[in-house]
Amino acid sequence: MKLLVPVKRVIDYNVKPRVKADGSGVDLSNVKMSMNPFDEIAVEEAIRLKEKGVATEIVAVSVGPAKAQETLRTALAMGADRAILIESDAEVEPLAVAKLLAKVAAEETPGMVILGKQAIDDDSNQTGQMLAALLGWSQGTFASKVEVSGDAVAVTREVDGGLETVNLKLPAIVTTDLRLNEPRYASLPNIMKAKSKPLAQKKPEDYGVDIAPRHTTLKVEEPPKRSAGIKVADVDELVAKMKALGVAA
Ligand code: AMP
């Protein structure tokens with residue numbers, strides 16, 4: 001079974017985002033960019049399925065600028081077999097990404113597409129679900145465990161108050177949650193080897209997908225600064241203040 005793993009290049013999770021002075025978005029100039037952390041988990045899960053003999057090939061795919069090649073090379077260094085870059089300098093919204101991925105899935109016919117549950121830049125949490133709808137495939141979102149047996153996959157999902165396990169007929173869409181696994185670091189020899197793995201370069205037009213945005217960002221703002229707290233002398237003063245604020249009876 002072939003696995004398709006979409007990976008997005010996003011602002012590194014350790015970087016504190018700065019809002020552009022004109023409020024039009026987040027300033028990405030000279031900012032460290034990395035693979036979306038949930039996508040690292042997706043790549044790791046795909047590699048584990050290959051190591052178990054369940055999967056035979058892992059194809060990483062990214063929609064983004066030419067620099068997203070670096071993200072794909074990271075996926076290749078971790079253990080993906082080949083990569084596809086669908087190059088676009090414009091910001092591509094989840095619906096357009098899902099449409100592009102649907103076309104790639106139609107060409108590649110994977111047994112599963114394993115995506116992150118959300119990209120940490122826009123926190124959309126939409127692409128996997130939209131892709132499942134476009135393809136008419138079953139979906140297991142927020143996976144904390146993935147077990148393939150025959151032509152089905154059991155996905156344990158993290159839901160409010162516990163775990164839910166769904167059994168999906170393949171082909172299926174799985175989106176990863178934080179506790180699914182701990183992604184490996186690529187070793188130096190594998191980083192070197194990744195340089196010669198195949199990376200196909202495409203454009204959205206090659207798939208006949210219109211990536212024009214459907215929404216407009218009106219304004220991006222920093223969260224309001226927290227005002228300083230106060231120190232209370234003892235519990236009695238704390239309770240009195242809470243009563244005064246109406247948060248304690
Ligand atoms: P989102 O719906 O934007 O929160 O993204 C959910 C998941 O969809 C991500 O974790 C990726 O696996 C995938 N994805 C979103 N945007 C892209 C992109 N531009 N290129 C590749 N994969 C993407």
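**Exercise 1. A salt bridge between R214 and D210**

Task: In this predicted model, find how far apart the N and O atoms are where the side chains of R214 and D210 meet, and decide whether the pair counts as a salt bridge.

Solution:
- Step 1. Start with the idea: side chains of opposite charge can pair when their charged atoms come close.
- Step 2. Read the distance: from N to O, R214 and D210 are 3.9 Å apart.
- Step 3. Compare this with the cut-off, which asks for a nitrogen of Lys or Arg within 4 Å of a carboxyl oxygen of Asp or Glu. The R214 and D210 side chains therefore meet in a salt bridge.
- Step 4. Now look at the surroundings of each partner. R214 has a relative accessible area of 51% and is exposed, while D210, at 48%, counts as partly exposed. The two labels differ because exposed means over 50%.

**Exercise 2. More charged pairs**

Task: Work out which partner E221 has in a salt bridge, and which parts of the chain are linked by K50 and D81.

Solution:
- Step 1. E221 pairs with K219, and their closest N and O atoms are 3.4 Å apart.
- Step 2. Check the accessibility of both: E221 is exposed at 57%, and K219 is exposed at 60%.
- Step 3. Some salt bridges share partners, and in this way K2, E57, R82 and E108 are joined into one network.
- Step 4. Turn to K50 and D81, whose side chains form a salt bridge of 2.7 Å from N to O. This pair ties together distant parts of the chain: K50 sits in helix α1, D81 sits in the loop between α2 (68-78) and β5 (82-87), and 31 residues separate them.
- Step 5. K50 is partly exposed, with a relative accessible area of 30%. D81 is also partly exposed, at 22%.
- Step 6. For the full count, the structure holds 18 salt bridges.

**Exercise 3. Buried or exposed?**

Task: Decide for A46 and for L188 whether the residue is buried or exposed.

Solution:
- Step 1. Locate A46: helix α1, which covers residues 37-51.
- Step 2. The relative accessible area of A46 is 0%. Buried means under 20%, so A46 is buried.
- Step 3. See what surrounds A46. Beyond its neighbours within four places in sequence, A46 is in contact with L3, V5, I58 and I114.
- Step 4. Compare sequence and space for another residue: A46 and Q139 are 93 residues apart in sequence, and their C-alpha atoms are 16 Å apart.
- Step 5. Move on to L188, found in helix α5 (residues 188-194). With a relative accessible area of 59%, L188 is exposed.
- Step 6. L188 joins I191 and M192 in a nonpolar surface patch of about 290 Å².

**Exercise 4. Empty space**

Task: Find how much space lies in the largest pocket and in the largest cavity, and name residues that line each of them.

Solution:
- Step 1. Rolling a probe the size of a water molecule over the atoms shows where empty space is left.
- Step 2. The largest pocket holds about 1,200 Å³. It is lined by 40 residues, and those closest to its centre are K8, L28, E91, D121 and D122.
- Step 3. Ask which elements contribute: β2 (9-11), β4 (57-64) and α3 (94-108) each give two or more residues to the pocket lining. The largest share, three residues, comes from β2.
- Step 4. Searching the whole structure gives two cavities of 30 Å³ or more. The largest cavity contains about 310 Å³, and of its 26 lining residues K8, V97, L115, A119 and T127 are closest to the centre.
- Step 5. At least two lining residues of this cavity come from each of β4, α3, β6 (112-116) and α4 (127-135). Notice K8, which is listed among the closest residues for both the pocket and the cavity.

**Exercise 5. The whole protein**

Task: How many helices and strands does the protein have, and what share of its residues is buried?

Solution:
- Step 1. Count the elements: six helices and 11 strands.
- Step 2. Of the 249 residues, 41% are buried.
- Step 3. Add the outside: the accessible surface is about 14,000 Å², and carbon and sulfur atoms account for 52% of this.
- Step 4. Finish with the contacts. Among those between residues at least 6 apart in sequence, 70% join residues at least 24 apart.

Definitions and conventions
Residues numbered from 1 in each chain as written. Predicted model: local features only at pLDDT ≥ 70, side-chain atom pairs only at ≥ 80, totals over all residues. Heavy atoms only, no water. Patch = residues over 30% accessible without salt bridge, like charges linked within 9 Å, V, L, I, M, F, W, Y side chains within 5 Å. Areas by Shrake-Rupley, 256 points an atom, 1.4 Å probe, with all protein chains shown as cover. Helix = DSSP H or I, 4+ residues; strand = E, 2+ residues; numbered from the N terminus. Buried < 20%, exposed > 50% of the residue type's maximum accessible area, 1.4 Å probe, protein only. Contact = heavy atoms within 4.5 Å. 1 Å grid on protein atoms, 1.4 Å probe; cavity = no way out; pocket = protein on both sides within 12 Å on 5 of 7 lines; lining within 4 Å. Points joined across faces, edges and corners; volume = space filled by probe spheres on them.
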